[in-house]
Amino acid sequence: MKHSLEKDKIKILLLEGLHQSSVEVFQREGYSNIEYHKSSLVGNELNEAIKDAHFIGIRSRTQLTSEVISQAEKLIGIGCFCIGTNQVDLDAAANAGIPVFNAPFSNTRSVAELVIGEIIMLMRGIPERNAKAHRGEWLKSAVGSHEIRGKTLGIIGYGHIGTQLGIMAETLGMNVTFYDTEDKLPLGNAKQVSKLPELLAQADVVSLHVPETAQTKNMISTNEFSMMKPNCKFINASRGTVVDIPALAKAIESKHLAGAAIDVFPIEPKSNNDEFSSPLREFDNVILSPHVGGSTMEAQQNIGIEVAGKLVKYSDNGSTVTAVNFPDVSLSSHTGRSRLLHIHINKPGILIQINQAFSDKGINIAAQHLQTKGDIGYVVMEVDTIQADNALEQLKLIEGTIRARVLY
Ligand SMILES: NC(=O)C1=CN([C@@H]2O[C@H](COP(=O)(O)OP(=O)(O)OC[C@H]3O[C@@H](n4cnc5c(N)ncnc54)[C@H](O)[C@@H]3O)[C@@H](O)[C@H]2O)C=CC1
Ligand SMILES: O=C(O)CCC(=O)C(=O)O
């Protein structure tokens, strides 16, 4: 069968120590040209490695900016082996004809479980007692220690993580209030409030589970901390940019907040060998974790299988189901004919041009799918294999073409 590239020529670049399950999926599907790195790459090292890569797999550290993407001339697909995709310039990727995939569910339970543990630790004042004990001090006292039963958890962002957290918190006897920009079905006895200040005024513990967007940048700052109840506990396992860290440090220092657990930071070390700097390091009552909310073996294994599977399906069949920046086309495997992909600027008349060009050259289209999203149009076609080369040539001539290629 005719295709643009043999599988063993397709370079898969995997960064940030992805779980071996991802490697196994690629190998099982015949992709043997895998370059695997345990950590993230930056600068020239990243540009060098990505230059001849067809697919790249990353987690949250690697920054795929428009500059990096523009260097990656052969890149045809990006896999974020996590939920967040803010580390990728999604528009730049789409405009270069590159779909970006992620794993929207696989690590959500892990985050919710960690937060439950942190709620209990913070409500009992364990972080400072633990820190003191490490220094040889003994703080045996019930002062400031509370059961979580009957207390109110305020969840900001009631999505996959927020909902699971809410259910678990309720089973432990907490009351759950949430704030979300969308109207959400409350699970269990949770109650949605329409304004953030309402949640802040009620909650004994506030936990953030929103994505990084322009609207969520510094959404919790001095004003919001001042609206929280005295001795409130604060948790952020979403994205570092959502919280104004100096404002949080002040709220802890003034003892308005009685503790916090922070898993994500505006600037995170690039590798485990780099120093972690934060004004929060000095506070015993702040749990600091190195962005490990989703880092469990269970989650990483599932993510590896999920995202590698999506990249393989795109490479083999052109399927873009759940791509975050691309037209969504669901395609099964194909046999007996050649499948061609055509990614183009979304403007009227492209399909007519393709069909006219094929008809002029006597190329019979056996199947055709078109889907568009924003500025991008995506057409998948099947033709007799003997006509695949000719069809590809015609596709490349269409004005507005971003990419065209023949699949297996
Ligand atoms: N610490 C870690 O290791 C991990 C962190 N995350 C972070 O957690 C975030 C949330 O994950 P999911 O629950 O799976 O996402 P999700 O997309 O299911 O839920 C996010 C919710 O936030 C709401 N939202 C968006 N903007 C808002 C705003 N301005 N105010 C209030 N609500 C708003 C949305 O409507 C949605 O209901 C991810 O975007 C990611 O950044 C995710 C996994 C692991
Ligand atoms: O595991 C990671 O590297 C990042 C997890 C995360 O923050 C996400 O899934 O969005």
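Helices and strands, as I use the words today, are DSSP runs, with at least four residues for a helix and at least two for a strand, numbered from the N terminus. What you see above is a predicted model.

I will begin with a single residue, H19. The loop between β1, residues 12–14, and α1, residues 20–28, is where H19 is found. Is H19 buried, exposed or partly exposed? A residue counts as buried with 20 or more other C-beta atoms within 10 Å, and as exposed with 12 or fewer. H19 has 19 such atoms within 10 Å, so it is partly exposed. If we set aside neighbours within four places in sequence, the contacts of H19 are Q300, Q301, I303 and G304. One more distance here: K38 is 19 residues from H19 along the chain, and their C-alpha atoms are separated by 9.9 Å.

Next, the domains. The chain is divided into domain 1, which is 1–102 plus 296–326, domain 2, which is 108–288, and domain 3, which is 327–407. Taken over C-alpha atoms, the centres of domain 1 and domain 3 are separated by 23 Å. Where these domains meet, 15 residues of domain 1 are in contact with 26 residues of domain 3. Which elements supply at least two residues each on the domain 1 side? They are α4, residues 90–95, and α11, residues 297–317. By class, that side of domain 1 has 5 nonpolar, 8 polar and 2 charged residues.

Now the sheet. In what order do the 7 strands of the open sheet stand? The order is β8-β7-β6-β9-β10-β11-β12, and the pairing is parallel. The edges are β8, at 191–193, and β12, at 286–288. Each of those has a single partner strand, so one side of each is left without a neighbour in the sheet. From one strand to the next, the twist averages 20°.

Look at one pair in that sheet. Strand β6, residues 152–156, runs parallel to strand β9, residues 205–208, and 4 bridges join them. Within this pair, G154 stands opposite V206 in β9.

Helices also pack on the sheet. Helix α7, residues 160–171, touches β6, β7 and β9. The direction of α7 makes about 165° with that of β7, which covers 175–179. Helix α10, residues 245–253, packs on the sheet too, touching β10, β11 and β12. Its direction makes about 140° with that of β11, residues 257–262.

In the loop between β10 and α10 we find V242. V242 has 24 C-beta neighbours inside 10 Å, and therefore counts as buried. Beyond four places in sequence, V242 is in contact with L208, V210, E212, T216, M219, I220 and N236. The C-alpha atoms of V242 and A214 are 9.4 Å apart, with their positions 28 residues apart along the chain.

A short word on backbone angles. Most residues other than glycine have a negative phi. K255 has a phi near 70°, a positive value. K255 lies in the loop between α10 and β11, and with 10 C-beta neighbours inside 10 Å, K255 counts as exposed. T322 is not a glycine either, and has a positive phi of about 70°. T322 lies in the loop between α11 and β13, residues 338–345. With 16 C-beta neighbours inside 10 Å, T322 counts as partly exposed.

Last, the ligands. How many residues surround ligand 1? The number is 31, and the closest are G157, G159, P211, G293 and G294. The elements that give two or more residues to this shell are α5, residues 108–123, and α7. Of these, α7 gives the most, with 3 residues. This is the helix that packs on the sheet against β6, β7 and β9. The shell of ligand 1 divides into 10 nonpolar, 16 polar and 5 charged residues.

Around ligand 2 we have R59, S60, C82, I83, G84, N107, G294 and S295. That shell has 2 nonpolar, 5 polar and 1 charged residues. Note that G294 is in the list for ligand 2 and is also one of the closest residues to ligand 1.

Conventions: Residues numbered from 1 in each chain as written. Chains lettered and ligands numbered in written order. Predicted model: local features only at pLDDT ≥ 70, side-chain atom pairs only at ≥ 80, totals over all residues. Near = placed C-beta within 6 Å. Nonpolar A, V, L, I, M, F, W, Y, C, P; charged D, E, K, R; others polar. Pairing = 2+ DSSP bridges. Axes fitted to C-alpha atoms, helices over the stretch in contact; angles between N-to-C directions. Contact = placed C-beta atoms within 7 Å. Domains from an automatic or database assignment.
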